[in-house]
Structure formats: structure tokens, C-alpha cells
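User: I'm new to this structure, and I'd like a close look at one part of it. Please walk me through how that part is put together, in plain words.

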Amino acid sequence: MWKEENNQLVRTFQFKDFSQAFGFMAQVALVAEKMDHHPNWSNVYNRVDIQLSTHDAGNVVTEKDRKLAAAIDKLV
């Protein structure tokens, strides 16, 4: 579940292994590119941490972030 913390939507995703985590990141990258809204994220082995905020709006959570979060949820 996404949480709003420090003016960001944040969520951690955990997968079976690195390959699944990396595949998920590739899928997110394609969606984010189409939306022209890119996440801050990190990956360690089977875990992907994502933070969303809108830089153009002063690094706060906007509708763009909520739409990307919903699109990401559909990939899991």
C-alpha cells in the first residue's frame, strides 16, 4: 500500500528474486515514460523502493503521482 511521507508517495515492493524485481522495474519504466512522469527508486536484490513526487509542483504529491502509483499497482 502506498503511504504519503515527507511530501512523497512511497511504497516497497518485494519479489521472489532479482530477475522478477528487475522485470518489474522495466515494466514501470515503460509506463512512466508514457506518462512523462518518472519515479525516484532503488533496487537491492528482490526489493524495489519507489518514491513519487512532482518536481514541477515543488516536490509535492500531485494527481500525476497518484495516477502513476495506480498504474504501478496494476503491474503487480
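Analyst: Start with helix 1, residues 18–35: it lies across strand 2 (8–14), strand 3 and strand 4, and it runs at about 165 degrees to strand 3. Helix 2 (residues 63–75) packs on the sheet too, touching strand 1, strand 2 and strand 4, and its direction makes about 10 degrees with that of strand 2.

A quick word on what you're looking at: this is a predicted model, where local features need pLDDT of at least 70, side-chain atom pairs count only at pLDDT 80 or more, and totals for chains, interfaces and linings use all residues. Residues are numbered from 1 along each chain as its sequence is written, and side-chain values use heavy atoms, with hydrogens and water left out.

As for the terms, helices (H or I, at least four residues) and strands (E, at least two) are DSSP runs numbered from the N terminus. Touching, or contact, means heavy atoms within 4.5 Å. Angles run from 0 to 180 degrees between N-to-C directions, with axes fitted to C-alpha atoms, for helices over the stretch in contact.

Now the sheet itself. Its four strands are ordered 1-2-4-3, antiparallel and open, where pairing takes at least two DSSP bridges between two strands. Strand 1 and strand 3 (40–44) are at the edges with a single partner strand each, so one side of each has no neighbour in the sheet. Neighbouring strands here are turned by 25 degrees against each other on average, ignoring direction. Strand 3 pairs with strand 4 (residues 47–52) over five antiparallel bridges; Val-44, for instance, has Arg-47 in strand 4 as its bridge partner.

Back to helix 1, and its rings. Phe, Tyr and Trp rings (six-membered ring for Trp) pair if their centres lie within 6.5 Å; planes under 30 degrees apart are stacked, over 60 edge-to-face, the rest tilted. That rule gives four aromatic pairs. Phe-13 and Phe-24 have ring centres 4.8 Å apart and planes at 45 degrees, so they're a tilted pair. Eleven residues apart, they link distant parts of the chain, with Phe-13 in strand 2 and Phe-24 in helix 1. Both are buried, meaning under 20% relative accessible area (exposed is over 50%, partly exposed in between; 1.4 Å probe, protein chains only). Along with Trp-2 and Phe-15, Phe-13 and Phe-24 form one aromatic cluster.
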